[in-house]
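Hi,

Here is the structure I promised to pass on to you. Please have a look at it first, and then read my notes underneath.

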Amino acid sequence: MTAQSLALTDDLRQRMHELYRELHAAPELSMQEHRTAELIEGRLTALGIENFRCGGSGVVGVLKNGDGPVVAFRADTDALPLAEDTGVEYASTATGQLDDGTEVPVMHACGHDTHMSAALAAAEIFAGATDAWSGTIVWIFQPGEETAAGAKAMLEDGLWDKSPKPEVVYGQHVMPSLAGTINYSVGDAMALADSWKITIHGQGAHASQPQDSTDPIVLGAHMITRIQTVVSREIDPRRAAVVTIATFHGGLKENIIPASAEFTLNVRTFDPAIREKVLASLRRIISAEAAASGAPEPTIEVLSQFPRNYNNPEATTAVIGDFKRELGEDNVVEVEPMMGSEDFGALAEAIDVPSVFWMFGGHPAEVMEGDGPVPVNHSPFFAPVMEPTLSTGVKAAVTALASRVGK
Ligand code: ZN
Ligand code: ZN
């Protein structure tokens, strides 16, 4: 239930659009969101919301308004190394530096600018309507979602020691679905994800003298082939798991057997027990295939690890009921869990409280129903329409939070 005073006014909507254009034109790479953080701090301070830095470029705002529940809302803030090709007038021409110093174009291609704009508008609504609610709202502006570094950095920096602990954490993400609608799943929402880089250590030799080599290419080929049996032969077919090997590099010339080769793999699962089983099988195969070739133990480097994103059924059902009342029954649609990943779930998991994460659409009907391709997140063509995308994001955020703290 949204009280009249928690409604989004036309004036605030216009200012949100300006903020969105400003954020969209000034994207920053993961864990480098310093100007973005300053902008958010400025906005929160202007709204009278006490705030502090957390996890480097993360910002936490704590809006206290008397007794009542503590609830948290998270918006992520990072962008991607991609040249924008949307053609919108506020398109990004920004550049940034990768960790290795390479200069790259930067774009809000995952729509995190919509998340920040909607969250700041929702914060303004609650800050300006203190008679309509009671409790504490923790606004989490989280950096580094794309690399799974941000939630981890905030938690390691003592997020929940510095902030009041919420009874629930909410979050949302813009998606290539119809603007004005919400998609959600009950239970599993998004997959756990693990990325590894495996370095195979062999013995180099002339191509004509294989007897002097331990060929890392042949060894790697066996590993990669056998790894295909983890999901197909070791996992219950009723449970979801995927293992993808998307890179395999070794050697520089056709007549030199290289001394090493490397490949990267990406694992997606929903059930932590299945994840453990897949990862253990991968380690076993990588180690045993190396032994079978007489090669040393390969090196496994963990590149990233995305946590579980699980929608607590009770908390989700409650929020969805409110969404349907606010946005219309037909505009709130249950969908299958996504194989994509998010580090949002780690925030609530760290303090063992429920979390709810939903998706809001960003494309108009002409795009969704047209003949052309529908641009998805991480595409250089991903340009959510401002409305009704942003207003839906604000309504969803306000509705979810008001369901706990509203009067
Ligand atoms: Zn993304
Ligand atoms: Zn994203």
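Let me begin with a pair of charged residues: Arg74 and Asp343 are both buried. They form a salt bridge with each other, and its closest N and O atoms are 3.0 Å apart. This pair ties together distant parts of the chain, 269 residues apart: Arg74 sits in strand E3 (residues 70–76), while Asp343 belongs to the loop between strand E17 (332–334) and helix H9 (345–349). The pair is also part of a network of salt bridges that links Arg74, Asp76, Glu342 and Asp343. Please keep in mind throughout that this is a predicted model.

The salt bridges come to 22 by count, and two others may interest you. Glu28 pairs with Arg35, with 3.6 Å between the closest N and O atoms. Glu28 counts as buried because its relative accessible area is 7%, and the limit for that class is under 20%. Lys162 pairs with Asp157, and here the closest N and O atoms are 3.1 Å apart. Lys162 has a relative accessible area of 42%, so it is classed as partly exposed. Asp157 is partly exposed too, at 30% relative accessibility.

Next, the metal site. Which residues coordinate the zinc ion (ligand 2)? The donors are Cys110 through SG, His112 through NE2 and His173 through NE2, at 2.1 to 2.4 Å. Along the chain, these donors of ligand 2 are spaced as C-x1-H-x60-H. Cys110 has a further role as a bridge between this zinc ion (ligand 2) and the zinc ion (ligand 1), and the two ions lie 3.1 Å apart. Cys110 and His112 are both buried.

Finally, a helix pair. The axes of H1 (residues 10–25) and H3 (residues 112–127) come within 9 Å of each other and cross at roughly 145°. The crossing of H1 and H3 is right-handed. On the H1 side, the contact is made by Leu12, Arg15, Met16, Leu19, Tyr20, Leu23 and His24. H3 contributes Asp113, Thr114, Met116, Ser117, Ala118, Leu120, Ala121, Glu124 and Ile125. Sorted by class, the contact of H1 with H3 has 10 nonpolar, 3 polar and 3 charged residues.

Happy to talk any of this through with you.

Best wishes

Methods:
Residues are numbered from 1 along each chain as its sequence is written. Chains are lettered from A and ligands numbered from 1 in the order in which they are written. This is a predicted model: local features need pLDDT of at least 70, side-chain atom pairs count only at pLDDT 80 or more; totals for chains, interfaces and linings use all residues. Side-chain values use heavy atoms; hydrogens and water are left out. Axes are lines fitted to C-alpha atoms, for helices over the stretch in contact, and angles run from 0 to 180 degrees between N-to-C directions. Helices (H or I, at least four residues) and strands (E, at least two) are DSSP runs, numbered from the N terminus. A crossing is left-handed if the near helix is turned anticlockwise from the far one by less than a right angle, and right-handed if clockwise. Contact means heavy atoms within 4.5 Å. Ala, Val, Leu, Ile, Met, Phe, Trp, Tyr, Cys and Pro count as nonpolar, Asp, Glu, Lys and Arg as charged, and the others, Gly among them, as polar. Donors are N, O and S atoms within 2.8 Å of the metal (3.2 Å for Na, K and Ca); water is not among the atoms, so sites may look incomplete. Buried means under 20% relative accessible area, exposed over 50%, partly exposed in between (1.4 Å probe, protein chains only). A salt bridge is a side-chain nitrogen of Lys or Arg within 4 Å of a carboxyl oxygen of Asp or Glu.
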